Amino acid sequence: MEKNIDIEVLVIGFGGAGAVAAITAHDAGTSVMIIEKMDHGGGNTNLSLGGFLCLKDFDRGLLYLESLCNRVFSTLEPEMIYAYAKESLNNQKWVESFGQRTHAYGGAAFPELPGADSVEKRMVTGKNSTEENSFWSFIRSEVAKREITVLNNAPAKSLIIDEDGAVKGAVVNMNGETISVKASRAVILTCGGFEYNDWMKKNYLKGYPYYSLGSPGNTGDGLAMAQRAGADIWHLSNVSTPLGFKAAEYEAAFLIKPLSMQYIYTDKPGKRFASEVTDVHAYNYLVDLFDTQKLEFPRIPCRMIFDETVRRAGPLAITAVGFNRGRYQWSKDNKKEIDNGWIVSGQTIGDLADKTGVGRHMLENTVKRYNQYCESGNDHDYNRPRETMKPLCNGPYYSIMLWPSLLNTQGGPRRNSNAQVLYPDGSVIPRLYSAGELGSLFGLLYQGGGNIGECLAFGRIAGEKAAAEKL
Ligand SMILES: Cc1cc2nc3c(=O)[nH]c(=O)nc-3n(C[C@H](O)[C@H](O)[C@H](O)COP(=O)(O)OP(=O)(O)OC[C@H]3O[C@@H](n4cnc5c(N)ncnc54)[C@H](O)[C@@H]3O)c2cc1C
């Protein structure tokens, strides 16, 4: 027999957006339940750095966000960005109202845009462990303090929709049992992106394969459920992605960030193709070119070529964040990874080319040309910033393969400034809300800290509005 649970507000997905929405709906006096697919909550939020966007000044912050979106022809309604800016002004205050301390660690990703001086990235001050970052530790404990019920290992399979199209709950699978969770006020979808749904990545993103740095629970379930309810979909091709290394024996990719600058990227034939230094979230733009003559993506995967100085500078991978955190200890001198066969070494550049199957002359010429630019201080090909131009001249030399490795996907159901999910004609799907990276407002350009900022901003809006729905 099918089991029923009755609740007022149902939150689907226990990451940052789900936690914020649940806290807000609970504090507004409603009964709330969170259902989570995995055996514990956290999602990408707990695997992230935990930084969140704040604005110091509303008008200038709004100007920055508008110009960021306009640069990429965003489809956002003006009131969406207005709501995001208004809430972002309160993010710091809201987090600190729970007795947390926060500190700034960065600013605007694109300082040349107007209003950039008003953007601040902040973090919850506290310890990060291999289990939790300080943001997740804070927000999860606020859910626990309120004794909000969280059902783990409970993936939502479909939404319950009445004859008028209003969303009335969800069908959940728990330990082989089917449960109908009836939500008398509203359902809030906060189940993250589609970083681990290969079909969606193949269909929605440009280039293949894209791996993920985050949680394997994010398989696009929210997107599919919202589509079945008739939702409009937006920002599907928008992602933020650095480059990472994917080992066959690990589910997630490793975020690769060398601690010294003696490195370049080369495409499959061994040619340099871009300034290696760009905003960490925008590496998809460097690698997603398609060669219409060879009929392939010549930069997926690409290779990072580096010298002994980089090898000795410290671990190539950052394992303090991402799904591999606590699962793999990258060696300080990168020797274990050379032994693993993940990094290939050669005494000379020519030797390295032979070992990696790249044309010897091509790779030697690539490195020679780059080293000449280092000497003159001008990268005539790709304009890499002068202070980052360090020659590869200290052998042995090394190569590691790199793929775009997702921090998030931004696509999902379109929402309005009340966090309500919309039909394609712009009208509201009754009693269905969303928050977080599922249907993020970010367009083709992303501002770091923006996603957790969005969990806070739209988590609060969704929680408040869902709690205010009539019984
Ligand atoms: C390494 C890394 C570093 C990052 N650093 C930052 C940063 O510093 N600042 C920033 O703003 N962003 C950062 N990001 C991106 C950011 O972490 C995410 O975009 C954001 O945390 C998403 O929050 P969310 O609540 O929308 O989704 P998530 O936190 O991913 O939570 C979604 C939850 O829904 C669950 N779920 C999925 N399907 C179902 C289902 N059918 N039923 C029930 N539950 C389901 C998932 O298991 C998951 O727990 C980073 C990401 C990574 C991977």
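This report describes the surroundings of the ligand, two groups of paired strands and one helix contact in a predicted model.

## The shell around the ligand

The ligand has 46 residues around it, and G13, G15, G43, G217 and G436 come nearest. By residue type, the shell around the ligand divides into 25 polar, 17 nonpolar and 4 charged residues.

Three helices are named here as contributors. Helix 1 (16-27), helix 2 (43-47) and helix 14 (450-467) each supply at least two residues of this shell. Helix 14 gives the most, with 5 residues.

## An open sheet of strands 3, 5 and 4

An open sheet is formed by 3 strands, in the order 3-5-4, with antiparallel pairing. Strand 3 (52-55) and strand 4 (102-106) are the edge strands, and each of them pairs on one side only. From one strand to the next, the twist averages 50 degrees.

Within this sheet, strand 4 and strand 5 (residues 119-124) run antiparallel and are joined by 4 bridges. One residue pair can be named: A104 has R122 in strand 5 as its bridge partner. Strands of a sheet pair through backbone hydrogen bonds, and the pairing can be parallel or antiparallel.

## The hairpin of strands 7 and 8

Strand 7 (residues 156-161) and strand 8 (residues 167-174) also run antiparallel, with 5 bridges joining them. A156 has its bridge partner in strand 8, namely V172.

The two strands form a hairpin, with 5 residues between strand 7 and strand 8. In the turn, G165 has a positive phi of about 85 degrees.

## The contact of helix 12 with helix 13

Helix 12 covers residues 349-356 and helix 13 covers residues 360-376. Their axes come within 8 Å and cross at roughly 135 degrees. An angle over 115 degrees but not over 145 falls in the oblique class, so helix 12 and helix 13 are oblique to each other. The crossing in which helix 12 passes helix 13 is right-handed.

On the side of helix 12, the residues that take part are I349, G350, L352, A353 and D354. They meet R360, L363, E364 and V367 in helix 13. The residues of this contact divide into 5 nonpolar, 3 charged and 1 polar.

Definitions and conventions. Residues numbered from 1 in each chain as written. Predicted model: local features only at pLDDT ≥ 70, side-chain atom pairs only at ≥ 80, totals over all residues. Axes fitted to C-alpha atoms, helices over the stretch in contact; angles between N-to-C directions. Parallel < 35°, antiparallel > 145°, perpendicular 65-115°, else oblique. Left-handed = near helix turned anticlockwise from the far one by under 90°. Contact = placed C-beta atoms within 7 Å. Nonpolar A, V, L, I, M, F, W, Y, C, P; charged D, E, K, R; others polar. Near = placed C-beta within 6 Å. Pairing = 2+ DSSP bridges.
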